[in-house]
Amino acid sequence: SGAATTIPSGPTAPSVTVRPRHKQSSPSTRGRSCTNNSTGPLGGGSPIRDVYQARYGETLNQTREGLIGTEKAFPETARARALVQAETIGQLIEKPPTQPFYRAYDRAAVSLAEELKITQTGAKALMKETYQAAHDRDLYEAGKELEEAYHRPVREAEIAERKAEKLQSRSRSQSMG
């Protein structure tokens, strides 16, 4: 904040007032906003929305609306693919190299989203819905249980191994020195 701070000193020295330094603006940015939406950052180049529209032939909002529309018109095969992807999450957690639930869930969502041309959020929602319907169980809870059973012991063993190596290297360097 821009307030001055007074620092009391001992009986022999006077109080000292410290004022925060203000950053000088450069001549090229003085008087202009750094995030000018009409001309891009610092006045150079095109805004990202114009670059996106030139590259893909539609606006970001049109792309988003198209993805949402696709999510609403799923064929039954899309639901079957979502269930398969949801079930692969457990395999990703169980098989070496193990991984935490969030990473396996994200990988499955990215794969499904690319395959069905939908958003990752839509893919996650579809996987949760189909998994719940097929297994009468929440995907998150099932994934977290697998993580506790398979990934966590491996992760804790890796951490313990690194700590042991660190202690061993410290004891060697102390005995030599």
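Helices (H or I, at least four residues) and strands (E, at least two) are DSSP runs, numbered from the N terminus. The model treated here is predicted: local features need pLDDT of at least 70, side-chain atom pairs count only at pLDDT 80 or more, and totals for chains, interfaces and linings use all residues. Residues are numbered from 1 along each chain as its sequence is written, and side-chain values use heavy atoms, with hydrogens and water left out.

**Exercise 1. The elements of the chain**

Task: State how many helices and strands the chain has, and in what order the elements run.

Solution.
Step 1. The secondary structure comprises six helices and two strands.
Step 2. Read from the N terminus, the order is β-β-α-α-α-α-α-α.
Step 3. Of the chain's 177 residues, 20% count as buried, where buried means under 20% relative accessible area, exposed over 50%, and partly exposed in between (1.4 Å probe, protein chains only).

**Exercise 2. The surroundings of Q85**

Task: Locate Q85, decide whether Q85 is buried or exposed, and list what Q85 touches.

Solution.
Step 1. Q85 belongs to helix α3, which covers residues 76–94.
Step 2. Q85 counts as buried because its relative accessibility is 9%.
Step 3. Contact means heavy atoms within 4.5 Å. Not counting residues up to four places away in sequence, Q85 touches A108, S111, L112, E115 and M127.
Step 4. The side chains of Q85 and S111 make a polar contact at 3.3 Å. A polar contact is a pair of N or O atoms within 3.5 Å; within protein, one must be able to donate a hydrogen and the other to accept it, and residues adjacent in sequence count only if both atoms are side-chain atoms.

**Exercise 3. The largest nonpolar core**

Task: Identify which residues of the largest nonpolar core touch the most other members, and which helices supply this core.

Solution.
Step 1. A nonpolar core is a set of buried Ala, Val, Leu, Ile, Met, Phe, Trp, Tyr and Cys residues joined through side-chain atoms within 4.5 Å.
Step 2. Of the 20 residues in the largest such core, I89, Y105, L112, L116, A123, M127 and L139 touch the most other members.
Step 3. At least two residues of this core come from each of α3, α4 (101–116), α5 (120–135) and α6 (139–176). The largest share, eight residues, is that of α4.
Step 4. Leaving aside neighbours within four places in sequence, L112 is in contact with R81, A82, Q85, A123 and M127.

**Exercise 4. The packing of α3 and α5**

Task: Describe how α3 and α5 are placed relative to each other.

Solution.
Step 1. Their axes come within 8 Å and cross at roughly 85°. Axes are lines fitted to C-alpha atoms, for helices over the stretch in contact, and angles run from 0 to 180 degrees between N-to-C directions.
Step 2. The two helices are therefore roughly perpendicular; this term covers 65 to 115 degrees, whereas under 35 counts as roughly parallel, over 145 as roughly antiparallel and the rest as oblique.
Step 3. Among the residues that meet are Q85 and I89 in α3, and M127 and Y131 in α5.

**Exercise 5. Backbone geometry in the loops**

Task: Find which peptide bond is cis, and describe the phi of K117 and of D136.

Solution.
Step 1. Most residues other than glycine have a negative phi, and most peptide bonds are trans.
Step 2. The bond from P96 to P97 is cis, with omega near -10°; P97 is in the loop between α3 and α4.
Step 3. K117, in the loop between α4 and α5, has a positive phi of about 60° although it is not a glycine. K117 counts as exposed because its relative accessibility is 56%.
Step 4. D136, in the loop between α5 and α6, has a positive phi of about 50° and is not a glycine either. With a relative accessible area of 67%, D136 is exposed.
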